[in-house]
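Me: I've got a structure open and I'd like to talk it through strand by strand. Mind if I fire some questions at you?

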Amino acid sequence: MNEFATNVWVVEGSEPVQWYGHPYTIRMVVIRLINHPNEDKPCAWIWSPIPITDALAQEVETKAGPVKYICSPNKIHHIFLKEWSDKFPDAIVYASPGLEKREVAKGVKFDARFGKDEPEPPFANEIESVIVCGSYVMEEVEFFHKASKTAIICDLIQRFPEPTGIMLKLGGVVGENGSTPRDWRITFWPFGKGELRKSRDAILGWKAEKLIIAHGTCVESNASDVIEKALYW
């Protein structure tokens with residue numbers, strides 16, 4: 001676990017996952033909730049879990065506290081949810097929009113879900129969330145840790161370092177100008193751009209100083225400017 005900000009850690013996956021023939025590095029986030037309702041001690045919030053090991057599970061509990069929440073940011077970030085929910089059966093597992101309908105997630109017991117008509121998460125006093133809407137293929141949940149002013153964005157912004165393959169370059173997800181994959185951008189047309197704009201404006205309203213992303217280089221300062229540039233489209 002590498003400390004990214006106070007009470008915020010990132011954990012890099014040791015092996016990439018394959019996505020349409022391309023190796024995608026993976027990254028998990030752990031946040032120590034310190035003002036959680038009805039809790040008399042800190043607890044851990046997990047985002048997009050990577051493969052679990054006994055050593056990692058112990059480190060999470062030692063640094064962040066008992067695992068209280070396990071969150072999927074979108075319907076394709078689900079592979080290791082069951083491992084973590086099996087290890088921590090008392091944790092509340094949150095489903096991203098559309099995930100529960102997928103056959104690949106049938107083995108996961110979801111306790112709650114993100115959605116416009118769903119109750120506000122109990123951790124909202126420390127971690128805000130925005131659902132990126134407008135795509136006919138996938139919605140995604142983005143998060144903001146208020147205390148550290150850290151935005152946590154999954155696939156909406158990707159910034160793979162050079163050198164990389166030609167397909168990633170053509171997809172618009174490489175380097176400092178990395179953005180939303182072009183094949184996903186297309187799915188917001190022709191009727192979803194208004195919803196997307198609302199989501200983008202809400203994210204920019206956070207005025208984030210730091211940015212953690214699932215794939216590529218994270219940002220440790222002036223993150224709001226990076227986010228605005230990445231979502232210009």
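Me: Let's start in the middle of things. How many bridges join β5 to β6?

Reply: Bear in mind that this is a predicted model. β5 and β6 run antiparallel, and one of the paired residues in β5 is I31, whose partner in β6 is W45. The number of bridges joining β5 to β6 is five.

Me: And on the other side, in which sense do β6 and β7 pair?

Reply: A44 is a handy place to look, since A44 stands opposite V67 in β7. The link between β6 and β7 runs over four bridges, and the sense is parallel.

Me: How many of the residues of β6 are buried?

Reply: Take the faces one by one: C43, W45 and W47 are buried on one side, and A44 and I46 are buried on the other. In a regular strand, side chains alternate between the two faces of the sheet. β6 is largely enclosed by the rest of the structure, because its buried residues number five of five.

Me: Zooming out, what is the strand order of the sheet with seven strands?

Reply: This sheet is open and its pairing is mixed. Its edge strands are β1 (2-5) and β9 (112-113), each pairing on one side only. Further in, β2 and β5 run antiparallel and are joined by five bridges, with E12 partnered by R27 in β5. Put together, the order is β1-β2-β5-β6-β7-β8-β9.

Me: Which helix lies across β2, β5, β6 and β7, and at what angle to β5?

Reply: A clue comes from the largest nonpolar core, which has 26 residues. The helix in question gives that core its largest share, four residues. It's α1, running to β5 at about 30°.

Me: V30 is one of the residues with the most contacts inside that core. Is V30 buried or exposed?

Reply: V30 sits in strand β5. Leaving out neighbours within four places in sequence, V30 is in contact with residues including W9, V11, A44, I46 and V60. The relative accessibility of V30 is 0%, and the cut-off is under 20%, so V30 counts as buried.

Me: How far is V30 from T164 in space, C-alpha to C-alpha?

Reply: Along the sequence, V30 and T164 are 134 residues apart. In space, the C-alpha to C-alpha separation of V30 and T164 is 28 Å.

Me: Now W84. Which residues does W84 touch beyond four places away in sequence?

Reply: W84 lies in helix α2, and with 0% relative accessibility it counts as buried. One of its contacts is I52, 32 residues away along the chain but with its C-alpha 6.6 Å from that of W84. The full set is M28, I46, P49, I50, P51, I52, L56, V60 and I70.

Me: How many residues are in the other core, the one that lies apart?

Reply: Nonpolar side chains tend to be buried together in soluble globular proteins. Among the members of this other core are Y69, F114, V141 and F143. The number of residues in it is 25.

Me: F143 has a bridge partner in β12. Which residue is it?

Reply: The strands involved are β11 (residues 140-145) and β12 (residues 150-153), which run antiparallel and are joined by three bridges. They belong to an open sheet of four strands with the order β10-β11-β12-β13. The partner of F143 is I152.

Me: Which strands stand at the edges of the sheet of four?

Reply: The pairing in this sheet is mixed, and the twist averages 20° from one strand to the next. Each edge strand has a single partner, so one side of each is left without a neighbour in the sheet. The strands at the edges are β10 (127-132) and β13 (210-213).

Me: Which helix lies across β12 and β13?

Reply: Helix α5 (residues 193-204) lies across β10, β11 and β12, at about 160° to β10. The helix asked for runs at about 50° to β13 and is α6 (residues 223-230).

Me: Last one: which element gives the most to the lining of the second largest pocket?

Reply: That pocket has a volume of about 280 Å³. It is lined by 17 residues, and the closest to its centre are G115, K116, S129, V130 and I131. The elements giving two or more residues to the lining are β10 and α5. The most, four residues, comes from α5.

Notes:
Residues are numbered from 1 along each chain as its sequence is written. This is a predicted model: local features need pLDDT of at least 70, side-chain atom pairs count only at pLDDT 80 or more; totals for chains, interfaces and linings use all residues. Side-chain values use heavy atoms; hydrogens and water are left out. A nonpolar core is a set of buried Ala, Val, Leu, Ile, Met, Phe, Trp, Tyr and Cys residues joined through side-chain atoms within 4.5 Å. Buried means under 20% relative accessible area, exposed over 50%, partly exposed in between (1.4 Å probe, protein chains only). Contact means heavy atoms within 4.5 Å. Two strands pair if DSSP finds at least two bridges between them. Axes are lines fitted to C-alpha atoms, for helices over the stretch in contact, and angles run from 0 to 180 degrees between N-to-C directions. On a 1 Å grid over the protein atoms alone, a cavity is a set of points where a 1.4 Å probe fits but cannot get out, and a pocket is an open set with protein on both sides within 12 Å along at least five of seven lines; lining residues have an atom within 4 Å of a point. Grid points are joined across faces, edges and corners, and a volume is the space filled by probe spheres set on the points.
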